[in-house]
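Hi,

Here is the model I promised to pass on. Have a look at it first, and then read on for what turned up when I went through it.

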Amino acid sequence: MTSEKHVSVRDLRKTYSTGFTAVDGISFDIERGETFALLGPNGAGKSTTIEILEGYRDRSGGEATVLGVDPQHGGLDWKARLGIVLQSTGESGNVSVREQLSHFASFYPNPRDVDEVIAAVGLTEKAKSRIKALSGGQRRRVDVALGVIGRPELLFLDEPTTGFDPEARHEFWDLIRELKREGTTILLTTHYLDEAAQLGDRAGVIAGGKLIDIGAIGEIGGRDARTPLVRWRDSSGVHEERTLEPGAVVARLYGASGGEPEGLEVIRPSLEDVYLKLVAGHIGSSAQSTELIQEELA
Ligand SMILES: Nc1ncnc2c1ncn2[C@@H]1O[C@H](COP(=O)(O)OP(=O)(O)OP(=O)(O)O)[C@@H](O)[C@H]1O
């Protein structure tokens with residue numbers, strides 16, 4: 001398959017009118033059909049980046065191409081190829097869930113079936129309810145439904161599952177997996193690292209407006225940060241050994257003790273473990289980002 005970049009960003013910069021530089025020279029590509037997770041602490045610059053790519057904000061510098069178009073000059077045809085779930089909930093109207101979705105579906109040339117989308121976000125029982133009468137998590141599901149109704153080629157999801165209960169998050173993951181199977185390209189931001197690990201093919205980590213790591217979900221943080229830990233106990237106390245070959249360590253312990261070592265655990269660092277180390281390692285780059293990162297780690 002030939003590669004086709006659905007998003008291409010080079011040295012992207014955004015300085016707000018306050019003089020604050022929220023995005024400070026980041027570069028990445030997203031291939032067609034790929035799910036890319038943009039991760040980072042509060043205030044890192046994720047939403048600013050996404051909003052530039054959606055065409056909602058102008059950049060101060062650098063290059064950006066989305067579905068082959070500069071987002072600062074994207075017309076209606078280009079917008080119809082995008083699906084957007086903004087960070088803040090905008091839908092609190094006096095219309096029903098089905099009415100709102102039918103209305104939005106009418107803007108697109110090849111929309112999905114309204115009732116199928118309502119079912120996919122778990123709102124069938126609320127299809128006739130007014131949006132303003134829904135709970136926060138249910139309204140968020142409406143946002144997600146509105147983002148996918150137009151059968152987008154590229155879907156932007158800015159913290160899509162905030163306010164979802166655990167069951168709804170798992171249903172949402174199933175919906176995203178289905179969209180991935182259909183070939184949808186997805187740019188996701190989330191503070192749920194398990195969500196990024198479940199859905200993402202690759203991730204970029206932003207802190208203080210800079211990209212501090214980028215790579216396959218299973219490789220973010222590098223080999224050292226991902227080295228498994230073997231932990232066990234014996235009469236002299238608890239022991240730990242970091243090793244790329246945990247099986248060999250376990251075999252050695254078996255040989256030495258003639259049986260199952262007490263309290264044996266093989267711990268593989270999760271994306272969350274790796275991410276927290278990466279972001280903590282970035283502390284000190286600026287007073288403000290340090291404060292934000294510490295808040296996140298607290
Ligand atoms: N309109 C604005 N004017 C000035 N500064 C802004 C504006 N919007 C955002 N910022 C600042 O830019 C920085 C990046 O904000 P942004 O919303 O992109 O972060 P984020 O990574 O999406 O954070 P979160 O995880 O909290 O959503 C923050 O310090 C924020 O205060």
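Let me start with the contacts: among those in the protein chain between residues at least 6 apart in sequence, 67% join residues at least 24 apart. Keep in mind throughout that this is a predicted model.

**The overall picture**

The protein chain has 298 residues, and 34% of them count as buried. Its secondary structure comes to 11 helices and 12 strands. Taken along the principal axes, the C-alpha atoms fill a box of roughly 70 × 45 × 40 Å. The domain assignment splits the chain into domain 1, covering 5–216, and domain 2, covering 227–268. Between the centres of domain 1 and domain 2, taken over C-alpha atoms, there are 43 Å.

**The six-stranded sheet**

One open sheet has six strands in the order 5-6-7-3-8-9, and its pairing is mixed. Strand 5 (82–85) and strand 9 (210–216) are the edges; each has a single partner strand, so one side of each has no neighbour in the sheet. On average, neighbouring strands here are turned by 15° against each other, direction ignored.

Helix 10 (residues 271–281) packs on this sheet and touches strand 3 (35–39), strand 8 (202–207) and strand 9. The direction of helix 10 makes about 30° with that of strand 8.

Strand 6 is the one I'd click on next. Five of its five residues are buried, so strand 6 is largely enclosed by the rest of the structure. How are its two faces covered? L154, F156 and D158 are buried on one side, and L155 and L157 are buried on the other. That split fits the usual rule: in a regular strand the side chains alternate between the two faces of the sheet.

The pairing on either side of strand 6 goes like this:

- Strand 5 and strand 6 run parallel and are joined by four bridges. L157 in strand 6 is the bridge partner of V85.
- Strand 6 (residues 154–158) and strand 7 (residues 185–189) also run parallel, with five bridges between them. Here L155 is opposite I186, and L157 is opposite L188.

So L157 turns up twice, with V85 as a bridge partner and with L188 opposite it in strand 7.

**The three-stranded sheet**

The other sheet to look at is open too, with three strands in the order 2-1-4 and antiparallel pairing. Strand 2 (21–31) and strand 4 (61–66) are its edge strands, each pairing on one side only. Neighbouring strands of this sheet are turned by 15° against each other on average, again ignoring direction.

Strand 1 (residues 5–15) pairs with strand 2 in the antiparallel sense, over eight bridges. Within that pairing, L12 has I26 in strand 2 as its bridge partner. Helix 1 packs on this sheet, where it touches strand 1, strand 2 and strand 4. The direction of helix 1 makes about 120° with that of strand 1.

**Around the ligand**

Helix 1 (residues 46–54) matters for the ligand view as well: the largest share of the shell around the ligand, three residues, comes from this helix. There are 13 residues around the ligand, and Y16, A22, N42, S47 and T48 come nearest. Which classes make up that shell? It has four nonpolar, eight polar and one charged residues.

**Two residues to compare**

Is N110 buried or exposed? N110 sits in the loop between helix 3 (97–105) and helix 4 (114–120). It has 8 other C-beta atoms within 10 Å, and 12 or fewer counts as exposed, so N110 is exposed. N110 and R151 are 41 residues apart in sequence, yet 6.8 Å apart in space, C-alpha to C-alpha.

L193, in helix 7 (residues 193–199), falls in the other class. With 20 other C-beta atoms within 10 Å, and 20 or more being the cut-off, L193 counts as buried. Leaving aside neighbours within four places in sequence, L193 is in contact with S270, L271, E272 and Y275. The C-alpha atoms of L193 and D273 are separated by 9.2 Å, with their places 80 residues apart along the chain.

Over to you, and happy browsing.

Methods
Residues are numbered from 1 along each chain as its sequence is written. Two strands pair if DSSP finds at least two bridges between them. Axes are lines fitted to C-alpha atoms, for helices over the stretch in contact, and angles run from 0 to 180 degrees between N-to-C directions. Two residues are in contact if their C-beta atoms, placed from the backbone, lie within 7 Å. A residue is near a molecule or strand if its C-beta atom, placed from the backbone, lies within 6 Å of it. Ala, Val, Leu, Ile, Met, Phe, Trp, Tyr, Cys and Pro count as nonpolar, Asp, Glu, Lys and Arg as charged, and the others, Gly among them, as polar. Domain bounds come from an automatic or database domain assignment.
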